[in-house]
Amino acid sequence: MTIQELKKIAAERADLINVRRIVREQAEKLAPATGYRKQVLVCGGTGCTSSHSLQVIEQLEKSLKELGIDDVLIVKTGCFGLCALGPIMIVYPEGAFYSQMTPEHAKTVAEKHLVKGGQIVKELLYADTVHEDGSVIPFAEIPFYKHQMRIALRNCGVIAAEDIREAIAAGDWFALAKVLTEMTPEQVIAEIKASGLRGRGGAGFPTGLKWQFTRDAKGDKKYVCCNADEGDPGAFMDRSVLEGDPNTVLEAMAIAGYAVGADEGYIYVRAEYPIAVTRLNIAIGQARELGLLGKNIFGTGFNFDIHVRLGAGAFVCGEETALMASIEGKRGEPRPRPPFSAQCGVFQKPTVLNNVETWASVNPIIMKGSKWFSSIGTEKSKGTKVFAVGGKIKNVGLVEVPMGTTLGTIIYDIGGGIPHGKQFKAAQTGGPSGGCIPAKYIDIGMDFDNLVAIGSMMGSGGLIVMDEDTCMVDIAKFYLEFTADESCGKCTPCRIGTKRLLEILTKITEGKGEPEDLVKIREIAEHMKSSSLCALGQSAPNPVLSAMEHFGDEYEAHIKDKKCPAGVCKSLLNYYIEPDKCRGCTRCARNCPVGAISGVVKGVHEIDTSKCIKCGQCIENCKFGAVVKK
Amino acid sequence: MSELTFEGTPEQADALKRCIDEHRGEAGALMPVLHEAQNIYGYLPSEVQTVIADELNVPLAEVYGVATFYSQFTLNPKGKHKISVCLGTACYVKGSDKILEAVEKELGIKCGECTPDRKFSIDSCRCVGACGLAPVMIVDGEVYGKLTAGDVAGILDKYIQD
């Protein structure tokens with residue numbers, strides 16, 4: 001493969017991709033030149049596939065065939081980000097955004113919209129894209145997308161994820177061509193350093209510096225690794241990049257290989273992400289076929305190849321030394337540092353390891369320059385960050401915003417706020433290693449340093465929104481259950497500390513807490529932070545410490561008053577029926593699995609709290625809101 | 001280790017042998033081989049671990065150490081229908097613990113166990129990435145989302161009758 005050949009592949013498909021990127025009027029003019037009257041993009045990411053987007057594609061293909069339409073292109077893409085509305089389907093050149101598609105809906109769209117002279121089926125569009133007067137808003141202008149800036153996710157949901165030619169037409173692999181032919185390794189590292197890019201995996205270490213250390217390390221054999229072991233529950237941006245644009249990761253790893261002097265790379269990916277693994281393997285296969293991986297790339301004498309290694313469900317393998325042990329086929333246990341992996345990494349060779357989202361930012365930095373990248377974001381956190389917004393929020397999904405965007409913008413403007421008219425209580429960032437951000441910090445700019453300053457951390461970018469119904473003791477217990485379960489057991493502070501913290505929190509949620517428990521938590525936490533071997537143990541106490549700091553009154557309520565203000569901790573609650581609201585419909589009694597509810601038709605019902613197992617069936621079934629927990 | 005007897009077929013033994021040959025001599029071969037072996041047998045009984053240890057020339061203790069370290073490797077057989085309830089944060093906040101309870105109650109076994117007729121096994125997992133559908137459970141790879149505890153019996157019925 002030569003650079004001319006790369007350009008030719010891109011040129012052949014440039015218009016096709018452009019139609020998906022530009023505004024409607026221009027796209028409509030451009031569309032005829034592509035040979036396709038319309039393009040239908042259907043999300044084939046994990047979220048939409050789970051809600052049956054593949055059946056939607058099947059139905060579309062069938063309907064188009066039946067209708068004799070041969071000038072409409074169906075493209076299976078990666079994630080569009082708005083997972084709550086899946087399966088999502090976008091029709092270009094109009095940019096019509098259909099949500100929650102079913103095969104029947106797909107049939108309707110084919111018959112009414114995709115046929116020649118067809119019209120957009122407004123009633124199937126995402127409601128936010130239709131004005132009250134019936135006019136259609138291009139989806140890029142709706143609040144969810146308008147406030148976003150997509151750098152790492154630039155191609156996700158735009159290109160066919162399993163076709164390297166579309167990736168090339170969207171700009172992938174040109175940065176590798178550029179560095180191999182126009183830049184020295186030192187210049188590449190200088191450019192990454194100047195961009196201010198920091199590791200997106202959690203710690204925020206400057207990426208350029210990491211590359212420099214590995215380049216400076218002595219050794220004839222070096223490795224480049226990709227951390228795709230996205231273990232933080234609730235974070236799924238890395239998966240989305242791998243599913244939507246795997247080529248950008250491969251390309252960036254090759255660029256780093258050139259910069260540090262490595263000819264081999266490993267991608268360590270969670271086995272729980274089967275679609276991502278498949279697409280990675282497809283992309284690697286296609287890249288090898290085109291000569292973008294392998295020997296003598298672009299005829300420059302540079303060799304680079306990549307292997308995929310599957311994890312097996314160990315959270316600790318997201319830690320770099322544990323990840324490398326796992327690649328070597330060992331138990332994924334961390335080891336003390338130094339030596340750092342830049343000097344002694346995979347197979348004891350100098351290794352540079354970056355996270356998927358970090359890799360996805362490399363191509364734009366090389367192509368558009370470090371100056372452009374460093375103009376985005378805050379003073380010490382440059383560029384954009386992808387957040388996986390989940391929990392009690394309307395628009396669950398992936399959101400990429402400039403560093404420093406406020407929490408409020410993410411939750412209300414993009415996220416659409418809290419459903420069911422509930423109050424925003426806190427957001428948890430950084431998963432089991434991070435902490436919570438209480439509602440009073442709604443105006444905080446989300447970047448690495450601000451979050452650390454208030455006792456949380458960026459982590460990989462999971463952002464779980466909690467409302468008034470979330471108990472902060474229970475949620476801290478949840479995270480400790482996770483870390484206690486995932487502690488590898490090698491070092492004592494983490495192994496014993498997570499267990500003891502969990503025991504104390506369990507005691508508190510059961511109403512057996514004592515005031516000195518809070519002192520004990522702080523003491524154990526301090527030891528864990530100072531003496532655990534790796535970040536898992538060092539940061540495991542964060543969720544409980546930050547919850548105690550910001551929601552101390554809830555801990556007090558559990559311990560002193562034996563009450564759970566959020567109504568979550570079962571041992572501290574009883575279910576009651578409010579007599580004035582009960583209509584005697586008998587629904588609760590019929591649905592009670594243990595027969596704890598008594599009462600006659602049209603008479604007030606009553607719950608026998610000694611029999612009640614607090615399953616909540618009665619609350620879910622009562623149409624009059626008569627059942628309460630207190 | 002499992003108390004159920006090992007019932008490997010010659011076809012499975014052949015498949016394992018082929019997989020080991022493919023990875024022989026490769027650095028860090030143990031993990032990919034264990035993944036493949038579990039695909040072939042559904043679990044990693046001591047008989048299979050012994051073959052892997054002998055063939056890859058790795059001490060059995062090390063194979064066992066790796067197989068027990070990772071939560072995806074299992075030394076116990078799984079049911080015909082594998083149920084997995086997501087307890088990741090997004091699902092948990094939306095009440096997936098109640099979904100798990102309902103599944104356990106319905107089948108009369110605990111999480112991590114297999115019914116005596118080997119028809120069902122229940123596991124929990126941490127985030128399958130379908131957070132938009134929270135809370136979710138997965139039965140044989142099929143994802144059921146936006147669940148309430150009341151939906152569970154109806155879903156399991158399909159598989160019970162099968």
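**Exercise 1. Contacts and make-up of chain B**

Among contacts in chain B between residues at least 6 apart in sequence, what percentage join residues at least 24 apart?

Solution. Start with the source. This is a predicted model, where local features need pLDDT of at least 70, side-chain atom pairs count only at pLDDT 80 or more, and totals for chains, interfaces and linings use all residues. Residues are numbered from 1 along each chain as its sequence is written, and chains are lettered from A and ligands numbered from 1 in the order in which they are written.

Step 1: fix the term. Two residues are in contact if their C-beta atoms, placed from the backbone, lie within 7 Å.
Step 2: read the share. In chain B, 60% of the contacts between residues at least 6 apart join residues at least 24 apart.
Step 3: list the elements. Chain B holds 7 helices and 4 strands. Helices (H or I, at least four residues) and strands (E, at least two) are DSSP runs, numbered from the N terminus. Their order from that end is α-α-α-α-β-α-α-β-β-β-α.
Step 4: add the domains. Domain 1 of chain B covers 10-69 and domain 2 covers 81-160; such bounds come from an automatic or database domain assignment. Taken over C-alpha atoms, their centres are 30 Å apart.

**Exercise 2. A helix with a buried face**

Find which residues of helix α4 of chain B are buried, and where they lie around the axis.

Solution. Step 1: apply the cut-offs. A residue is buried if 20 or more other C-beta atoms lie within 10 Å of its own, exposed if 12 or fewer, and partly exposed in between, with C-beta atoms placed from the backbone.
Step 2: name them. In α4(B), residues 60-69, the buried ones are Val63(B), Val66(B), Ala67(B) and Phe69(B).
Step 3: look down the axis. These buried residues of α4(B) fall within an arc of 165°, so they line one face of the helix. The arc is that of the directions from the helix axis to the C-beta atoms.
Step 4: find the partners. The buried residues of α4(B) pack against α2 (30-41) and α3 (46-56) of chain B.

**Exercise 3. An enclosed strand**

Work out why strand β5 of chain A is largely enclosed, then trace its pairing.

Solution. Step 1: count. In β5(A), residues 223-228, 6 of the 6 residues are buried, so the strand is largely enclosed by the rest of the structure.
Step 2: sort by direction. Tyr223(A), Cys225(A) and Asn227(A) point one way, while Val224(A), Cys226(A) and Ala228(A) point the other way.
Step 3: pair the strands. Two strands pair if DSSP finds at least two bridges between them. β5(A) runs parallel to β9(A), residues 351-355, over 5 bridges. Here Tyr223(A) stands opposite Thr351(A).
Step 4: take the next partner. β6(A), residues 264-269, is joined to β5(A) by 6 bridges, again parallel. Ala228(A) stands opposite Val269(A).

**Exercise 4. An open sheet**

Give the strand order of the 5-stranded open sheet in chain A, and name its edges.

Solution. Step 1: the order is β11-β10-β14-β12-β13, with mixed pairing.
Step 2: the edge strands are β11 (397-402) and β13 (435-438) of chain A, each pairing on one side only.
Step 3: β12(A), residues 424-429, runs antiparallel to β13(A), with 4 bridges between them. Gln428(A) stands opposite Cys436(A).
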